[in-house]
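User: I am new to this structure. Please take me through it in short questions and answers.

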Amino acid sequence: MVSDIIRNLKKDLVIEFRTRVSFAISLAFAAISTIAISLVSGGAPFTDLVYSVLFWLILFFSAMNGLAHVFTREEEEGTSLFLMLNSGSDSIFLGKLVFNAVFFLILETVIAPLYLFFLQVVPASPGHFIAVAVAGGLAVSSSTTLLGAMVARAGGKGALFTIISFPVLLPVIWVSIAETAGSLSEGGAMSRGNVVFLLAFSALVVAISLVLFRAVWETE
């Protein structure tokens, strides 16, 4: 299984970063949104909560195209049947899950500095900010992997994926916004319970997804 996961992950990474279409679209959306907010605000300061809301909304909508594309690409290129014949369903799911996690974390690594620079935001606790970003990113990528498979098998596109993902991710985004706001404010202590919630949410979703993925992926 490990070799299958690594092989599938390597294939997806090579294809994605050879074309860089989804990654480029996600970065372009994030950059345009961040610059637009900076220009509209005219340098006027927001509250920490508003900064946090804007950060996670930009991340969410920037990542949606790329997180869905990992499965829709298999359907569009007609390689899903070949993938089923050469890898077990668990290996396929875990490979796509790791790809989505890597994709989202790379986006965060690029988008966060741009956001902080253009909006002139300085986290009071950088370690707290990074921990929440990583935990929230893992929760988002783990939650959307099965949803991406469902949309792809149903012949849906990115818009449908975004619509069905938002209600599922609402608890994750809510907690991530609250914790990110705390990392931006002076004296904001990190709530380990919220970080643990994000990690536990990821683990629970992955466990449920492993049970359901075979039925989703192998059903015509």
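User: What span should the 26 residues of α8 cover, and how far apart are its end C-alpha atoms?

Analyst: This is a predicted model, where local features need pLDDT of at least 70, side-chain atom pairs count only at pLDDT 80 or more, and totals for chains, interfaces and linings use all residues. Residues are numbered from 1 along each chain as its sequence is written, and side-chain values use heavy atoms, leaving out hydrogens and water. The expected span is 1.5 Å times one less than the number of residues. For α8 that comes to 38 Å, which agrees with the distance between its end C-alpha atoms, 36 Å.

User: Where in α8 is the kink centred?

Analyst: The bend at a residue is the angle between axes fitted to the seven residues ending there and the seven starting there. In α8 the kink is about 40 degrees, and its centre is V211.

User: Which secondary structure pattern does the protein chain follow?

Analyst: Helices (H or I, at least four residues) and strands (E, at least two) are DSSP runs, numbered from the N terminus. The protein chain has 8 helices and 0 strands. Along the sequence this reads α-α-α-α-α-α-α-α.

User: How many of the 220 residues count as buried, in percent?

Analyst: Buried means under 20% relative accessible area, exposed over 50%, and partly exposed in between (1.4 Å probe, protein chains only). By that rule the buried share of the 220 residues is 48%.

User: Is S209 buried or exposed?

Analyst: S209 sits in helix α8, residues 192–217. Contact means heavy atoms within 4.5 Å. Not counting residues up to four places away in sequence, S209 touches F93 and L146. Its relative accessible area is 2%, so S209 is buried.

User: Which element gives the most residues to the largest nonpolar core?

Analyst: A nonpolar core is a set of buried Ala, Val, Leu, Ile, Met, Phe, Trp, Tyr and Cys residues joined through side-chain atoms within 4.5 Å. The largest one has 58 residues, and W56, L67, F71, Y115 and F213 have the most contacts inside it. Elements that give two or more residues to this core include α1 (2–19), α2 (21–41) and α3 (48–76). With 13 residues, the top contributor is α3.

User: Why might such side chains gather?

Analyst: There is a general tendency to cite here. In soluble globular proteins, nonpolar side chains tend to be buried together.

User: Which backbone oxygen lies 2.9 Å from a polar atom of the T144 side chain?

Analyst: T144 is in helix α6. T144 has a relative accessible area of 0%, so T144 is buried. Leaving aside neighbours within four places in sequence, its contacts are M64, L67, F161, S165 and L169. The oxygen at 2.9 Å from its side chain belongs to V140.

User: Which residues does S165 contact, leaving aside its neighbours within four places in sequence?

Analyst: S165 is found in helix α7, residues 158–184. With a relative accessible area of 0%, S165 is buried. Its contacts, with those neighbours left aside, are M64, T144 and L147.

User: What is the phi of Q120?

Analyst: Q120 lies in the loop between α5 (89–118) and α6 (126–153). Its relative accessibility is 66%, so Q120 counts as exposed. Y115 is in contact with Q120, among other residues. The phi of Q120 is positive in a residue other than glycine, near 55 degrees.

Note on methods. A polar contact is a pair of N or O atoms within 3.5 Å; within protein, one must be able to donate a hydrogen and the other to accept it, and residues adjacent in sequence count only if both atoms are side-chain atoms.
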